[in-house]
Amino acid sequence: METNPHIASQLYTNAQNIAKPDGPESGGSSLFAEMANDFMATMQAGESAAIAGMTGKADAQTVVEALAASEIAIQTAVSVRDRVVEAYQEILRMPV
Amino acid sequence: MSDFSASMSASASGMAAQAARLRLVSENIANADTPGFKAKSVSFQAVSDFMENSGQVRTGRVELSSAELPEVYDPGHPLADENGYYQGSNVNLMVQIADAREAQRSYEANLKMFDQSRQMASSILELLRR
């Protein structure tokens, strides 16, 4: 059976084009950066509210509200991170 | 998450408003025997920033009760006039206790709503982990 190297290289180029993500970094990374910034802001608000509560400058409701908000932010971030790491490991386990 | 966090901050603002109300009740009861003291009360108003209602509540201006100050007969009192009367405070203890109980119940309702939204937010996140 005769193999045509031209067809093989064309197929390879096609496969490369399929595997390539479309567009240069479309939205995903900037969205993640925004999420991370939001998370950091929530955490900082929680910390400053906790400090203000300890020094008697803030009332209990403010402290509890900020701490609950940062708790939920941590839960979100941890869950998303776990899913991302899991997906990455799934890719690594893929038989080549 | 923004709905959950907005719900939690609305509940927290309600709790803060009820706490301020309870503080005024405490001041009124503490001054129930102060001559000439007028009972304080506060009204609640919705918080709006830039004409947009945020759903939160805050306490408005503190107002003094306009009820008549009672004339108390006590000739031995240093503030008594020549007939033996002085003006007491117009704090009605029964009203103040009822107000305090109402503040407590509203605080509890806000606390329940706070806990409810916190639980809902974390239970939806629970789905993501196994």
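Chain B averages a pLDDT of 89, with 98% of its residues scoring at least 70, and since everything I will show comes from a predicted model, that is where I would like to start. For chain A the mean pLDDT is 83, and 88% of the residues reach 70 or more. Within chain A the confidence varies by element: helix α1, residues 5-19, has the lowest mean pLDDT, 76, whereas α3(A) has the highest, 90. Where pLDDT is low, the predicted coordinates should not be read in detail. For the complex as a whole, the predictor gives an ipTM of 0.73 and a pTM of 0.75.

Let me turn to the chains one at a time, beginning with chain B. Chain B contains two helices and four strands, and if you follow them from the N terminus, the order is α-β-β-β-β-α. Its radius of gyration is 22 Å, well over the 14 Å that the globule rule gives for 130 residues, so chain B is more spread out than a compact globule. The C-alpha trace of chain B spans about 80 × 35 × 15 Å along its principal axes. Of the 130 residues in chain B, 18% are buried. If we take the contacts in chain B with a separation of 6 or more, 61% of them are between residues 24 or more positions apart.

Two residues of chain B illustrate this, and the one I would look at to begin with is B:Ala100, which sits in helix α2 of chain B. B:Ala100 and B:Ser26 are 74 residues apart along the chain, yet their C-alpha atoms are separated by 8.3 Å. Leaving aside neighbours within four places in sequence, B:Ala100 is in contact with B:Leu22 and B:Val25. Is B:Ala100 exposed, partly exposed or buried? With 17 other C-beta atoms within 10 Å, B:Ala100 counts as partly exposed.

The other residue is B:Asn90, which lies in the loop between β4, residues 85-87, and α2 of chain B. B:Asn90 is also partly exposed, having 18 other C-beta atoms within 10 Å. Not counting residues up to four places away in sequence, B:Asn90 touches B:Lys38, B:Ala39, B:Ser65, B:Ala67, B:Glu68, B:Leu69 and B:Pro70. B:Tyr107, by contrast, is 17 residues from B:Asn90 in sequence and 26 Å from B:Asn90 in space, C-alpha to C-alpha.

Chain A can be described briefly. Chain A has three helices and zero strands, so to speak a plain α-α-α pattern when read along the sequence. Buried residues make up 12% of the 96 residues in chain A.

Now to the place where the two chains meet. How many residues does each chain give to the contact? Chain B gives 14 residues and chain A gives 12 residues. On the chain B side, the elements that give two or more residues are α1, residues 2-30, and α2, residues 93-126, and the largest share, seven residues, comes from α1(B). By class, that side of chain B has nine nonpolar, three polar and two charged residues.

On the chain A side I will follow one helix, α3(A), residues 60-92, which packs on α1(B) at an angle of about 170° with the axes 9 Å apart. Since an angle over 145 degrees counts as roughly antiparallel, that makes α3(A) roughly antiparallel to α1(B). From α3(A) the contact takes A:Gln61, A:Thr62, A:Glu65, A:Ala68 and A:Ala69, and from α1(B) it takes B:Ser5, B:Met8, B:Ser9, B:Ala12, B:Met15, B:Ala16 and B:Ala19. These residues divide into seven nonpolar, four polar and one charged.

Helix α3(A) also meets α2(B), where the axes come within 10 Å and cross at roughly 10°. How is α3(A) oriented with respect to α2(B), parallel or antiparallel? The angle makes α3(A) roughly parallel to α2(B). Here the contact is made by A:Ala68, A:Ile72, A:Gln75, A:Thr76 and A:Ser79 of α3(A), together with B:Arg118, B:Ala121, B:Ser122 and B:Leu125 of α2(B). Sorted by class, the contact of α3(A) with α2(B) has four nonpolar, four polar and one charged residues. You will find A:Ala68 listed in the contact with α1(B) and again in the contact with α2(B), and α3(A), as I said at the beginning, has the highest mean pLDDT among the elements of chain A.

How values were computed. Residues numbered from 1 in each chain as written. Chains lettered and ligands numbered in written order. Predicted model: local features only at pLDDT ≥ 70, side-chain atom pairs only at ≥ 80, totals over all residues. Contact = placed C-beta atoms within 7 Å. Nonpolar A, V, L, I, M, F, W, Y, C, P; charged D, E, K, R; others polar. Rg over C-alpha atoms; globule rule 2.2 N^0.38 Å. Buried ≥ 20, exposed ≤ 12 C-beta atoms within 10 Å, placed from the backbone. Axes fitted to C-alpha atoms, helices over the stretch in contact; angles between N-to-C directions. Parallel < 35°, antiparallel > 145°, perpendicular 65-115°, else oblique. pLDDT = per-residue confidence, 0-100.
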